[in-house]
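Welcome, and thanks for taking a look at this one. Here is a short briefing to read alongside the sequence and the fold.

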Amino acid sequence: MGYPEPRYQGDSGEANATYRSVEQAAELVYPNGTRCHYLATGELTRGLFGLYRWESVARGGGPGPHFHRTFTESFYVLAGNIKIYDGRQWIDAQPGDFVHVPEGGIHGFRNDSDAPATLLIHFAPGAPREAYFEANARFARDGRPGESEMADFYREHDNYFVAEA
């Protein structure tokens, strides 16, 4: 595998980096207190990837087994303990553990512990996951729509839930 074709055609480089302080407030706070920081959205990266810091409260839960058809998802645990489903079993992931899930790979994650936990979630390419996260926060606050509306919502956001193996 080689390098992709150049996207930048200039000769001298550009001063165009984006800085985000650790002090910046989360873009999204769920009713249970879990926070999601939009570190690098697909819009910012021109569709290359999306990167989010997920700060789960103790017993904060998370999505059950599902897969995506159009993007990969990776998890890197920064603090605490997170259970990550790898399509076969729930792994007790701890700081420094990494899980990569290709398109079609069944996965899920949750915080079942009595302590907060933080992980990085990486999507490639950079799907517009913000609307998905924000709608789930709204459902947690205001209640979920009916089964048909939820099925449409999941299809729109490339989420296909499955039973555990």
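What follows is a brief tour of the chain, its strands, its pockets and a few backbone details.

Please keep in mind that this is a predicted model. The protein chain has two helices and eleven strands, and its radius of gyration of 17 Å is close to the 15 Å that the globule rule gives for 165 residues, so the chain is as compact as a globular protein of that length. Two pockets are described below, the largest with a volume of about 420 Å³ and the second largest with about 180 Å³ of space.

**Overall architecture**

- Reading from the N terminus, the order of elements is β-β-β-β-β-β-β-β-β-β-α-α-β.
- Along the principal axes, the C-alpha atoms fill a box of roughly 50 × 35 × 30 Å.
- Of the 165 residues in the chain, 38% are buried.
- Among contacts with a separation of 6 or more, 66% are made by residues 24 or more positions apart.

**Strand pairing around β2**

- Strand β1 covers residues 28-29 and strand β2 covers residues 35-40; the two run antiparallel and are joined by two bridges.
- One place to see this pairing is L28, whose bridge partner in β2 is C36.
- The hairpin of β1 and β2 has five residues between its strands, and G33 in this hairpin takes a positive phi near 100°.
- Strand β2 also pairs with strand β3 (residues 50-56), again in an antiparallel arrangement, through five bridges.
- For this second pairing, look at R35, which has E55 in β3 as its bridge partner.

**The β6-β7 hairpin**

- Strands β6 (residues 82-85) and β7 (residues 90-93) run antiparallel, with four bridges between them.
- Within this pair, Y85 stands opposite W90 of β7.
- Four residues lie between the strands of this hairpin, where G87 has a positive phi near 95°.

**The largest pocket**

- The volume of this pocket is about 420 Å³, and of the 24 residues that line it, Y30, W54, G62, P63 and N136 are the closest to its centre.
- Two elements, β10 (117-124) and α1 (129-142), give two or more residues each to the lining.
- Helix α1 supplies the largest share, with five residues.
- Sorted by class, the lining consists of twelve nonpolar, ten polar and two charged residues.

**A closer look at N136**

- Having come up as one of the residues closest to the centre of the largest pocket, N136 has its place in helix α1.
- Is N136 buried or exposed? Its relative accessibility is 18%, and buried means under 20%, so N136 counts as buried.
- Leaving aside residues up to four places away in sequence, N136 touches Y30 and F153.
- Of these contacts, Y30 is also among the residues closest to the centre of the largest pocket.

**The second largest pocket**

- About 180 Å³ of space lies here, and the lining is made up of R7, Y8, E14, N16, A17, T18, L44 and R46.
- This lining divides into three nonpolar, two polar and three charged residues.

**Backbone details in the loops**

- R46, which helps line the second largest pocket, is found in the loop between β2 and β3.
- The phi of R46 is near 55°, a positive value in a residue other than glycine.
- With a relative accessibility of 59%, where exposed means over 50%, R46 counts as exposed.
- R59 is not a glycine either, yet has a positive phi of about 55°.
- The location of R59 is the loop between β3 and β4 (66-67).
- At 54% relative accessibility, R59 also counts as exposed.
- Which peptide bond is cis, with omega near -5°? The bond from A124 to P125 is cis.
- P125 lies in the loop between β10 and α1, and these two elements are the ones named above for the lining of the largest pocket.

Note on methods. Residues numbered from 1 in each chain as written. Predicted model: local features only at pLDDT ≥ 70, side-chain atom pairs only at ≥ 80, totals over all residues. Heavy atoms only, no water. Pairing = 2+ DSSP bridges. 1 Å grid on protein atoms, 1.4 Å probe; cavity = no way out; pocket = protein on both sides within 12 Å on 5 of 7 lines; lining within 4 Å. Points joined across faces, edges and corners; volume = space filled by probe spheres on them. Nonpolar A, V, L, I, M, F, W, Y, C, P; charged D, E, K, R; others polar. Buried < 20%, exposed > 50% of the residue type's maximum accessible area, 1.4 Å probe, protein only. Contact = heavy atoms within 4.5 Å. Rg over C-alpha atoms; globule rule 2.2 N^0.38 Å.
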